[in-house]
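Trainee: I am new to this structure and would like a close look at one small part of it. Please choose a charged site, say what surrounds it, and then set it beside other pairs of its kind.

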Amino acid sequence: MNPVLDFVPIWTLILGMAVFFYVLLDGFDLGVGLLYGLAPDTPSRNTIMNSIAPIWDGNETWLVLGGLGLLAAFPVAFAIIIPAVYFPILVMLLALVFRGVAFEFRFRDTEHKTFWDHAFCYGSGIATFAQGVVLGAFIQGFQVTGRTFSGSSFDFLTPFSVLTGVALLFGYGLLGSGWLILKTEGAVQAAARMQGRVCLLGVIVAVAIVSIWTPFMSPAISARWFGWPNTLLLAPIPIATALVAILTWRALGSEAEAAPFIGGIGMFALSYIGIAISLFPMIVPGHFTLWEAASSPRTQAFLLVGTLVLLPVILMYTSWSYWVFRGKVRTDIGYH
């Protein structure tokens with residue numbers, strides 16, 4: 001009897017990478033959109049908009065990869081998660097579309113530039129909040145009967161999911177401010193430093209509340225973090241998070257340009273690791289593991305062939321676009 005290869009770890013890694021890259025890359029340009037509404041004048045808004053103009057739409061490639069990968073590799077999870085968070089996902093997608101339209105029309109419909117400026121900012125905020133609500137609903141878990149979602153359409157809306165929605169607003173704002181510090185100069189950069197500190201404080205408070213709240217919702221998560229010797233083994237995660245927060249705060253108050261953005265990435269990476277530790281190996285918390293929700297090995301193998309061909313292409317053109325548009329951006333001459 002021939003042994004069957006286990007493709008679940010590979011697909012878990014691919015989906016995990018796709019989600020993280022989406023949160024990181026689209027996160028900072030959504031954060032820039034949030035801070036865009038605070039810009040005091042048209043030249044500042046032009047500079048902020050130009051800082052993400054060449055790369056913002058390519059960042060959403062990872063959202064498509066994550067969604068289609070979940071459908072193909074873990075269809076049981078897809079069939080449960082999507083109906084459970086249908087409304088916030090719908091709101092998110094509509095907000096992203098509206099944001100994209102606003103981005104383009106701002107340059108073409110100059111008579112209504114103010115309207116499109118507000119649309120770009122609000123679209124970014126609504127999409128971010130909806131993503132945070134989806135995250136909170138996922139961590140809480142869903143009502144499942146058999147292999148289908150059996151809850152109501154509004155089970156996603158809870159105090160915890162609202163908290164994670166607000167937390168993501170601060171988190172993306174932190175990434176956005178780090179990007180603006182890296183890509184701009186003068187008054188825009190100075191304002192981004194102050195906004196980054198406010199967002200960092202919001203992230204610290206949100207991470208603390210979520211970290212305390214989450215174990216109370218699940219005995220399994222509580223045992224994983226607070227059972228001995230897990231408490232000792234996992235202690236480096238919160239310690240590292242505190243150290244990164246302190247270093248990021250100092251970087252935001254200094255002349256450093258790359259460090260604030262790197263610090264924001266570090267905060268997200270450590271939070272991502274914390275969520276993974278809390279939930280692994282569950283993909284539908286409390287109901288299905290990754291292996292229980294996976295498609296057949298043949299299906300995963302077939303899909304993996306195409307994915308392993310396309311994934312390097314995506315990484316290459318993404319890296320190339322960031323390399324081509326490296327450096328500072330100015331209102332008068334663009335990139336230099």
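Mentor: A term to begin with is the polar contact, a pair of N or O atoms within 3.5 Å, where within protein one must be able to donate a hydrogen and the other to accept it, and where residues adjacent in sequence count only if both atoms are side-chain atoms. The model is predicted, so to speak of local features needs pLDDT of at least 70 and side-chain atom pairs count only at pLDDT 80 or more, while totals for chains, interfaces and linings use all residues. Residues are numbered from 1 along each chain as its sequence is written, and side-chain values use heavy atoms, with hydrogens and water left out.

The part I have chosen is the surroundings of R106, which is placed in helix α6; helices (H or I, at least four residues) and strands (E, at least two) are DSSP runs, numbered from the N terminus. The side chains of R106 and D117 are joined by a polar contact of 2.6 Å, and a polar contact of 2.7 Å runs from the side chain of R106 to the side chain of N46. With a relative accessibility of 1%, R106 counts as buried, a word that stands for under 20% relative accessible area, with exposed over 50% and partly exposed in between (1.4 Å probe, protein chains only). When residues up to four places away in sequence are not counted, R106 touches Y36, T42, R45, N46, M49, K113, W116 and D117, where contact means heavy atoms within 4.5 Å.

Two of these neighbours bring us to salt bridges, each being a side-chain nitrogen of Lys or Arg within 4 Å of a carboxyl oxygen of Asp or Glu. R45, R106 and D117 are linked in a network of such bridges, and between R45 and D117 the closest N and O atoms are 3.4 Å apart. R45 belongs to helix α2 (residues 42-52) and D117 to helix α7 (residues 113-140), and with their places 72 residues apart in sequence the pair links distant parts of the chain. The relative accessibility of R45 is 18%, and R45 therefore counts as buried, while D117 is buried as well, with a relative accessible area of 9%.

The count for this structure comes to 5 salt bridges, and one of them joins the side chains of R99 and D29, with a distance of 2.8 Å from N to O. That pair also links distant parts of the chain, because R99 lies in helix α6 (residues 86-108) and D29 in helix α1 (residues 8-36), 70 residues apart. R99 is buried, its relative accessible area being 0%, and D29 is likewise buried at 0%.

A further salt bridge is formed by E257 and K328, whose closest N and O atoms are 3.0 Å apart. E257 sits in the loop between α12 (236-252) and α13 (259-279), and K328 in the loop between α15 (297-324) and β5 (329-330), so this bridge ties together parts of the chain that are 71 residues apart in sequence. E257 counts as partly exposed, at 32% relative accessibility, whereas K328 is buried, with a relative accessible area of 11%.

To return to the chosen site, R106 is a buried residue whose side chain has polar contacts with the side chains of N46 and D117, and it shares its salt-bridge network with R45 and D117.
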